[in-house]
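Reader: Could we go through this model together? I would like to begin with how the helices pack.

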Amino acid sequence: MKWSDSLIEYYALESSCLRNEKSGGAYSALVQLLEFESLLRIESIWKQLVSEVVEGDERKNWLVRINKVIVRYLPTIQLEQKRNLADQLIHEGFYKKALQRMGVTQNIEEVR
């Protein structure tokens, strides 16, 4: 079950990357954040799987390998990326539209 969960997560990540390429990179900031979040979930799944299946020194070796593979791909400026994406969405008016769809009408003009 866990192996299939990691494959599904990877497939969703790959699909979002391909859609971003198809759109000319319009969603690159969002895809980078999705990549970070997906890699964290995949890492967690793999570590759980290794902990359940492998024992002893071999388990330690596998966990070190997983860390080495995942650390290569983790961006270091995730918080800054989230802030930039939020500013971009606010600037383009998506935040106001989302609030209106949810029925929030009070203080909507205070949003940039």
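**Helix packing and burial**

Author: In this predicted model, the axes of helix H2 (residues 28-53) and helix H4 (residues 78-91) come within 10 Å and cross at roughly 140 degrees.

Reader: What is the handedness of the crossing of H2 and H4, left or right?

Author: The crossing of H2 and H4 is left-handed.

Reader: Which residues make the contact?

Author: H2 contributes Ala29, Leu30, Gln32, Leu33, Phe36 and Glu37, and H4 contributes Gln78, Gln81, Lys82 and Leu85. By character, the residues of this contact divide into 5 nonpolar, 3 polar and 2 charged.

Reader: Let us take H4 by itself. How many residues has it, and how far does it reach?

Author: H4 has 14 residues, and from its first C-alpha to its last it reaches 20 Å, close to the 20 Å expected at 1.5 Å a residue.

Reader: Which residues of H4 are buried?

Author: Gln78, Gln81 and Leu85 are buried in H4. They lie on the same side of H4, because they cover an arc of only 60 degrees around the axis.

Reader: What do the buried residues of H4 pack against?

Author: The buried residues of H4 pack against H2.

Reader: And which exposed residues are on the face turned away from the buried side of H4?

Author: That face carries the exposed residues Leu79 and His91.

Reader: Where does glutamine 88 fit in?

Author: Glutamine 88 also lies in helix H4. Its relative accessible area is 35%, so glutamine 88 counts as partly exposed. The C-alpha atoms of glutamine 88 and alanine 29 are separated by 9.6 Å, although the two residues are 59 residues apart along the chain. Alanine 29 is one of the H2 residues in the contact with H4.

Reader: What phi does glycine 93 take just after H4?

Author: Glycine 93 takes a positive phi of about 85 degrees.

Reader: Turning to H2, what is its span?

Author: H2 has 26 residues and spans 37 Å between its first and last C-alpha, close to the 38 Å expected at 1.5 Å a residue.

Reader: Which residues of H2 are buried?

Author: In H2 the buried residues are Val31, Leu33, Phe36, Ser38, Leu39, Ile42, Glu43, Ile45 and Val50. Among them, Leu33 and Phe36 also take part in the contact with H4.

Reader: Glutamate 43 caught my attention. Why does glutamate 43 count as buried?

Author: Glutamate 43 counts as buried because its relative accessible area is 14%, and the cut-off for buried is under 20%.

Reader: With which residues is glutamate 43 in contact, leaving aside its neighbours within four places in sequence?

Author: Glutamate 43 is in contact with Ile66, Asn67 and Ile70.

Reader: And serine 44, in the same helix: buried, exposed or partly exposed?

Author: Serine 44 lies in helix H2 and counts as partly exposed, at 34% relative accessibility. Its C-alpha atom and that of serine 6 are separated by 9.2 Å, with the two residues 38 residues apart along the chain.

Reader: Finally, the whole chain. How many helices and strands are there?

Author: The secondary structure comes to 5 helices and 0 strands, and the elements run α-α-α-α-α from the N terminus on. Of the 112 residues of the chain, 21% count as buried.

Reader: What share of the contacts with a separation of 6 or more comes from residues 24 or more positions apart?

Author: Such residues account for 52% of those contacts.

Technical notes. Residues are numbered from 1 along each chain as its sequence is written. This is a predicted model: local features need pLDDT of at least 70, side-chain atom pairs count only at pLDDT 80 or more; totals for chains, interfaces and linings use all residues. Side-chain values use heavy atoms; hydrogens and water are left out. Axes are lines fitted to C-alpha atoms, for helices over the stretch in contact, and angles run from 0 to 180 degrees between N-to-C directions. Helices (H or I, at least four residues) and strands (E, at least two) are DSSP runs, numbered from the N terminus. A crossing is left-handed if the near helix is turned anticlockwise from the far one by less than a right angle, and right-handed if clockwise. Contact means heavy atoms within 4.5 Å. Ala, Val, Leu, Ile, Met, Phe, Trp, Tyr, Cys and Pro count as nonpolar, Asp, Glu, Lys and Arg as charged, and the others, Gly among them, as polar. The expected span of a helix is 1.5 Å times one less than its number of residues. Buried means under 20% relative accessible area, exposed over 50%, partly exposed in between (1.4 Å probe, protein chains only). The arc is that of the directions from the helix axis to the C-beta atoms.
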